Amino acid sequence: MADDERRVEGEHNNSVQEMDDDNGADEELTFATAMDDEDEGTYDSDDSDDNNNAEMEIADENQDQPGEKVYLPGDNTGEEQLVMDESAYLCHAEFSLEWPCLSFDIIPDGLGDARTSFPMSAYLVAGTQARESHLNSLSVMRIEGIRKIKSNDPDSDQENDDDDDDEDEPELFHRSIPHRGGVNRIRMAPFEGCVAATWADMGSVHIWDLSPLAQAVQDPHKAPKKINSKPLQTFKGHKDEGFAIDWSKVARLRLASGDCSGRIHVWDYHGDSTWVISSKYGRHEASVEDIQWSPNEETVFASCSADRTVRVWDTRQGPRECLKWTAHDADVNVISWNTREQASFLSGGDDGIFKLWDFRSFQTQKFQPTGVFKWHSQPITSVEWHPSDSTVLAVSGADDQISLWDTAVESDDGASDQQIPGLLISTAESGFNIFKTISTE
């Protein structure tokens with residue numbers, strides 16, 4: 001969850017509606033007619049014909065209204081069409097660029113924290129996965145006019161809904177610059193305006209200053225026609241392409257990147273838009289899938305890998321991990337470090353399982369998770385802790401689902417410092433979705 005809103009990435013289909021926790025909700029709704037028993041024992045042929053015709057009409061009407069049911073994971077929908085239940089959402093908007101985006105991040109917009117009033121706006125940066133390498137780009141986007149769903153808005157005028165539908169659509173403003181190769185991962189640097197890092201499928205890591213793009217979408221009428229499209233720095237020292245990359249949340253402009261050969265490099269900022277990169281830091285036995293810096297220690301970061309392990313590193317101790325454990329029975333795809341409760345850690349794997357870990361429990365129950373959850377039926381593609389609520393998290397999977405979880409027994413009234421509380425943004429092959437569920441109100 002970058003800075004403020006929550007971010008969910010992965011191969012999920014955003015047309016899938018939120019799940020309902022009611023165990024009986026998957027039963028079909030059926031229609032029935034009650035027979036009048038008062039005239040039982042009497043018979044009239046005309047009345048009988050009329051009754052039969054009425055029953056046939058009722059039956060025909062029922063056949064025209066297929067049963068409704070709540071979609072649950074594992075259901076074989078066949079040719080059925082999934083329809084979003086608007087009553088479960090406070091807002092929802094969708095949009096897309098010319099090409100799908102595998103990764104995106106949220107840009108702090110300076111419009112204030114803990115915003116709850118509608119309409120809302122958001123700034124994003126995303127990188128494309130185009131059909132051909134030279135067609136890829138980085139795009140900064142401003143989405144304006146995210147409005148509350150009218151059925152959940154007591155102040156809306158339902159009679160004028162049809163007339164206002166076009167006006168209620170959010171507006172998308174975006175500017176792009178070329179990016180050599182597809183963008184496997186993009187991350188915004190915290191506390192530093194519009195500096196971003198990208199992992200290219202060509203095997204290079206780039207650092208960008210996206211300030212001109214952000215200014216262009218903020219005021220399109222004053223935007224220059226030409227924008228500098230060169231990165232601040234490019235590193236070609238990785239042995240293979242990669243997906244793992246993260247900025248330190250404590251040390252200014254410190255970065256770590258991991259590739260598919262298992263190697264990790266740490267970047268230290270030396271001023272004047274230059275970074276000094278370690279020749280070789282640490283190594284997994286297989287592809288490094290994700291990296292997360294500690295939320296409160298500037299020299300500590302964690303990594304996960306297709307070798308099924310999670311490892312914790314301290315740059316002061318050299319290129320050897322200080323903690324290592326087998327976290328899943330398959331590839332560990334993603335990890336997330338709780339920014340509010342630094343001992344809490346989250347991992348998701350190819351086994352469709354996500355696990356909660358507490359570093360404090362390792363002293364008594366070494367490398368045992370505090371929670372194991374098997375809800376998703378396909379590999380986990382993204383896990384994110386809520387930025388200000390230490391018990392709330394979001395998970396996405398290759399089974400076309402995004403699930404929201406609260407691990408607390410009681411509600412947590414901790415302080416909120418996010419821009420838009422409870423707003424989630426997801427990316428898929430079909431485009432982006434921005435939504436906020438009623439459970440986050």
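Select helix α3, residues 211-218, in this predicted model. Helix α3 lies across strands β4, β5 and β6, and its direction makes an angle of about 150 degrees with β6. Show the side chains of Leu213, Ala214, Ala216 and Val217: these residues of α3 are buried. Turn the view until you look down the axis of α3; the buried residues fall within an arc of 160 degrees, so they line one face of the helix. What they pack against is β4, β5 and β6. Now add Gln215 and Gln218, which are exposed and sit on the face of α3 turned away from its buried side.

**The sheet under the helix**

Next, select the strands that α3 crosses, together with β3. They belong to an open sheet of 4 strands in the order β3-β4-β5-β6, and the pairing is antiparallel. At the edges are β3, residues 101-106, and β6, residues 171-178, each of which pairs on one side only. On average, neighbouring strands in this sheet are turned by 25 degrees against each other, with direction ignored.

Narrow the selection to β4 (residues 120-128) and β5 (residues 137-146). This antiparallel pair is joined over 7 bridges. Which residue of β5 stands opposite Leu124? It is Met141.

**Three places to check in the backbone**

Step back to the loop between β3 and β4, where Pro119 lies. The peptide bond between Phe118 and Pro119 is cis, with omega at about -5 degrees.

Move on to Ser273, in the loop between β13 (264-269) and β14 (275-277). Ser273 is not a glycine, yet its phi is positive, at about 60 degrees. Is the residue buried or partly exposed? Ser273 has a relative accessibility of 30%, and therefore counts as partly exposed.

Then select Asp400, in the loop between β24 (392-397) and β25 (401-406). Asp400 also is a residue other than glycine with a positive phi, here near 65 degrees. Its relative accessible area is 31%, so Asp400 is partly exposed.

**Colour by confidence**

Colour the protein chain by pLDDT. The average is 82, and 76% of the residues score at least 70. Two stretches are worth selecting. Over residues 51-65 the pLDDT stays under 50, and the model has 4 contacts for this stretch beyond four places in sequence. Over residues 410-417 the pLDDT is also below 50, and this stretch has 12 contacts in the model beyond near neighbours in sequence. Where pLDDT is low, predicted coordinates should not be read in detail.

**The chain as a whole**

Finally, show the complete protein chain as a cartoon. How many helices and strands does the protein chain have? There are 3 helices and 27 strands. Of the contacts in the protein chain with a separation of 6 or more, 59% are between residues 24 or more positions apart.

Switch to a surface display to end the tour. The accessible surface of the protein chain comes to about 22600 Å², and 42% of that area belongs to carbon and sulfur atoms. Among the 441 residues of the protein chain, 49% count as buried; the residues Leu213, Ala214, Ala216 and Val217 of α3, where the tour began, are buried.

Conventions
Residues are numbered from 1 along each chain as its sequence is written. This is a predicted model: local features need pLDDT of at least 70, side-chain atom pairs count only at pLDDT 80 or more; totals for chains, interfaces and linings use all residues. Side-chain values use heavy atoms; hydrogens and water are left out. pLDDT is the predictor's confidence in each residue, from 0 to 100. Contact means heavy atoms within 4.5 Å. Helices (H or I, at least four residues) and strands (E, at least two) are DSSP runs, numbered from the N terminus. Buried means under 20% relative accessible area, exposed over 50%, partly exposed in between (1.4 Å probe, protein chains only). Accessible areas come from the Shrake-Rupley method with a 1.4 Å probe; for residues, only the protein chains shown count as cover. Two strands pair if DSSP finds at least two bridges between them. Axes are lines fitted to C-alpha atoms, for helices over the stretch in contact, and angles run from 0 to 180 degrees between N-to-C directions. The arc is that of the directions from the helix axis to the C-beta atoms.
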